[in-house]
Amino acid sequence: MKIDILTLFPKMFTGPFAESIVKRAQDKGLVEIKIHDLRDWTKDTRKTVDGRPYGGGVGMVLSVEPVYLALKDLKKKDSKVVLLTPQGKTFKQNVAKEYSNLKHLILICGHYEGFDERIREHLIDEELSIGDYVLTGGELPAMIVIDTIVRLIPGVLEKEEATVFESFSPYLEYPQYTRPEEFKGWKVPEVLKSGNHKEIEKWRKEKSLAKTKRIRPDLI
Ligand code: ADE
């Protein structure tokens with residue numbers, strides 16, 4: 001899978017993609033992530049990517065031309081172009097699953113009051129939001145989307161990692177413990193030390209369900 005990111009702040013991405021599972025996935029050749037500076041597709045010496053809104057109003061608006069030119073260079077027949085914005089459809093695990101099957105994903109990160117509407121109308125396939133809150137830009141959302149997708153690409157997670165995380169989906173994870181058995185008087189539940197796998201499984205299912213009912217009843 002190939003992922004291209006269009007951003008005004010390319011340096012923001014260096015940390016998260018150079019560590020851990022996403023780095024391993026790139027090293028294994030399972031995903032290729034390229035970060036592009038939108039200013040590379042501007043024509044003036046000041047590398048202008050935004051302008052004041054027609055009709056007045058506060059803030060700046062991301063211009064259509066650099067986005068158009070960037071996509072002209074990057075987009076192929078099987079690309080999906082996604083704009084990160086708080087107004088998009090909500091990013092959920094099922095969307096991540098769908099995206100993880102794509103050959104080529106292009107993510108556009110905005111950073112101003114808004115986008116020229118012609119970007120929405122003519123240049124993208126979908127608008128995506130990571131939740132009902134407003135961030136300063138689409139960079140952190142892009143990182144979240146990529147992190148979620150990458151671990152779903154076959155071969156990225158070791159078998160063990162994958163089953164641990166997915167076992168009770170769509171329920172929340174059951175409580176886990178590791179050594180020591182007791183810390184400041186806080187004890188590991190007896191059942192987990194019993195060696196009785198049936199009982200352990202039953203306990204985990206109960207805990208998982210109870211936690212989901214308490215914290216995320218909407219999932220049930
Ligand atoms: N840009 C700013 N806020 C955002 C959000 N919640 N999701 C996606 N992109 C954004």
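Which atom of the ligand lies 3.2 Å from a backbone N or O atom of Thr 85? In this predicted model, the partner of the Thr 85 backbone atom is a nitrogen atom of the ligand. Two further polar approaches can be described alongside this one. A polar backbone atom of Ile 130 is found 3.0 Å from a nitrogen atom of the ligand, and a polar backbone atom of Gly 131 is placed 3.2 Å from a ligand nitrogen. On its own the ligand has 260 Å² of accessible area, and the protein covers 96% of that area.

It is worth walking around the site residue by residue. The residues surrounding the ligand include Leu 84, Thr 85 and Pro 86, followed along the chain by Leu 128, Ser 129, Ile 130 and Gly 131. Tyr 133, Val 134, Leu 135, Gly 137 and Pro 141 also belong to these surroundings. Sorted by class, this shell holds eight nonpolar residues and four polar ones, while charged residues are absent from it. As for secondary structure, strand 5 (79-90) and strand 8 (126-129) are the elements that each supply two or more residues to the shell. The largest share comes from strand 5, with three residues. Among the pockets of the protein, the space taken by the ligand ranks as the second largest.

Turning to the overall layout, the protein is divided into two parts, domain 1 (2-150) and domain 2 (165-219). A distance of 38 Å separates the C-alpha centres of domain 1 and domain 2.

Two details of the backbone also invite a closer look. Most residues other than glycine have a negative phi, and most peptide bonds are trans. Lys 47 is a non-glycine residue with a positive phi, near 55 degrees; this lysine is located in the loop that runs between strand 2 (32-37) and strand 3 (50-51). The second detail concerns the peptide bond from Arg 179 to Pro 180, which is cis with an omega near 10 degrees. Pro 180 itself is part of the loop between helix 7 (159-166) and strand 9 (182-183).

Technical notes. Residues numbered from 1 in each chain as written. Predicted model: local features only at pLDDT ≥ 70, side-chain atom pairs only at ≥ 80, totals over all residues. Heavy atoms only, no water. Near = heavy atom within 4 Å. Polar contact = N/O pair within 3.5 Å; in protein donor to acceptor, adjacent residues only side chain to side chain. Areas by Shrake-Rupley, 256 points an atom, 1.4 Å probe, with all protein chains shown as cover. 1 Å grid on protein atoms, 1.4 Å probe; cavity = no way out; pocket = protein on both sides within 12 Å on 5 of 7 lines; lining within 4 Å. Sits in = over half its atoms within 2 Å of the grid points. Helix = DSSP H or I, 4+ residues; strand = E, 2+ residues; numbered from the N terminus. Nonpolar A, V, L, I, M, F, W, Y, C, P; charged D, E, K, R; others polar. Domains from an automatic or database assignment.
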